Amino acid sequence: MASALINVPAKAKRGEIIEIKTLMSHIMETGYRRTATGELIPRNIITSFSCRYNGAEIFRADLFPAIAANPFITFFTVATESGKFDFDWIGDNGFAESASALITVE
Amino acid sequence: MRDSLNEKAAMREPDTSTRREFFSQFLGLAGGTAALGAVSVLTLRPAEATPAMLATAIRNVTGAAVVKTGKVRLDIPPLVENGNTVPMTVSVTSPMTPDDYVKSIHVFNEKNPQPNIGNFYLGPRAGRGQISTRIRLADSQKIVAIAQLSDGSFWQTSVDVIVTLAACTDEVI
């Protein structure tokens, strides 16, 4: 999806610790803001993010309204084998996006 | 937008704490905004998390376990100009081996409307007990980061942050 930005090294040595950076475009409306007329704007946030490495979950996060708009999350993993990272974002109002990235481990 | 924010900042400056206390009490008692009718929308803020809510949120994660200080490092700017997006990095000292690794990292705040910021679940495959993200801060406050290690122990650190422009509660125009 165009709304996700993923940064995973294309190549890594076996056993190397790599950094994974992800950004999903989303308003992350807190549910605490009001319009000029005083109406509460309903909450609309991403509540869950997860990353799988060749099918096995390696990272997961619960997000709250205190996460800034366009959630940017970085974490680390050990490059064990060539394959695929799958990223999933789930949120309010049926929001569900996914993205993937490939890595070659030598 | 800009003007109204400045105005709000200016209005908040002298007697911030008393007004806020007044409003949280008022909201708590009246249970709604209707009672505040005459008060300008600009100064209307939702009840903020209290130290008791922070303690409850932490207890929900740690249970009865003792939370020790140390091992966790929270990198966040001490002076934040814009509370809408504050970069934050939590790192935990750990060998990250299959026997000794960071299970999870939990970040809390004192004065946003909700005490939780995020829960991050790692594992032995993470290689490094570290995460980064960007957060919102509605006020100058204390941020607490707690890590759970694979042996079940909890470690924490806290940092005080000064915020000049608050997030979360500004009105949309």
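User: What makes the contact between A:R43 and A:D92 a salt bridge?

Analyst: In this predicted model, the closest N and O atoms of A:R43 and A:D92 are 2.9 Å apart, and since a side-chain nitrogen of Lys or Arg has to lie within 4 Å of a carboxyl oxygen of Asp or Glu, the pair is called a salt bridge. The pair links distant parts of the chain, for A:R43 sits in the loop between β3 (17-24) and β4 (46-53) of chain A, while A:D92 sits in the loop between β7 (83-91) and β8 (96-105) of chain A, 49 residues apart.

User: Why is A:R43 called partly exposed, and is A:D92 buried or exposed?

Analyst: A:R43 has a relative accessible area of 36%, and because the partly exposed class lies between 20% and 50%, the term applies to A:R43. A:D92, with a relative accessible area of 16%, is buried, the limit for that class being under 20%.

User: How do you know that A:E29 and A:R33 meet in a salt bridge, and which class of accessibility does A:E29 fall into?

Analyst: The N to O distance between the side chains of A:E29 and A:R33 is 2.8 Å, which is within the 4 Å cut-off, so the pair counts as a salt bridge. A:E29 is at 5% relative accessibility and counts as buried; A:R33, with a relative accessible area of 19%, is buried as well, because its value is under 20%.

User: What makes A:R60 and A:E57 a salt bridge, and how many does the structure hold over all chains?

Analyst: The closest N and O atoms of A:R60 and A:E57 are 3.2 Å apart, which again satisfies the limit of 4 Å, so this pair is a salt bridge too. A:R60 is partly exposed, with a relative accessible area of 30%, and A:E57 is partly exposed with 46%. Over all chains, the structure holds seven salt bridges.

User: Which residues touch the most other members of the largest nonpolar core, and what does A:F59 touch?

Analyst: The largest nonpolar core has 57 residues, and those that touch the most other members are A:F59, A:F75, A:F85, A:F87, B:I76 and B:I105. Leaving aside residues up to four places away in sequence, A:F59 touches residues of chain A, including A:F49, A:C51, A:I73 and A:F75, and residues of chain B, including B:F120, B:Y121, B:L122 and B:I131. A second, separate core of seven residues includes B:L54, B:A57, B:F108 and B:I146. In soluble globular proteins, nonpolar side chains tend to be buried together.

User: Why do β1 (4-7) of chain A and β2 (72-75) of chain B stand at the edges of their sheet?

Analyst: The open sheet of six strands runs in the order β1(A)-β3(A)-β6(A)-β7(B)-β4(B)-β2(B), with antiparallel pairing. β1 of chain A and β2 of chain B each have a single partner strand, so one side of each is left without a neighbour in the sheet. On average, and with direction ignored, neighbouring strands of this sheet are turned by 15° against each other.

User: How do you know that β4 (residues 86-92) and β7 (residues 130-135) of chain B pair?

Analyst: Six bridges join β4 and β7 of chain B in the antiparallel sense, and because at least two bridges are required, the two strands count as paired. B:M88 stands opposite B:T133 in β7(B). Chain B as a whole has three helices and nine strands, and of its 173 residues, 49% count as buried.

Notes
Residues numbered from 1 in each chain as written. Chains lettered and ligands numbered in written order. Predicted model: local features only at pLDDT ≥ 70, side-chain atom pairs only at ≥ 80, totals over all residues. Heavy atoms only, no water. Helix = DSSP H or I, 4+ residues; strand = E, 2+ residues; numbered from the N terminus. Buried < 20%, exposed > 50% of the residue type's maximum accessible area, 1.4 Å probe, protein only. Core = buried A, V, L, I, M, F, W, Y, C linked by side-chain atoms within 4.5 Å. Contact = heavy atoms within 4.5 Å. Axes fitted to C-alpha atoms, helices over the stretch in contact; angles between N-to-C directions.
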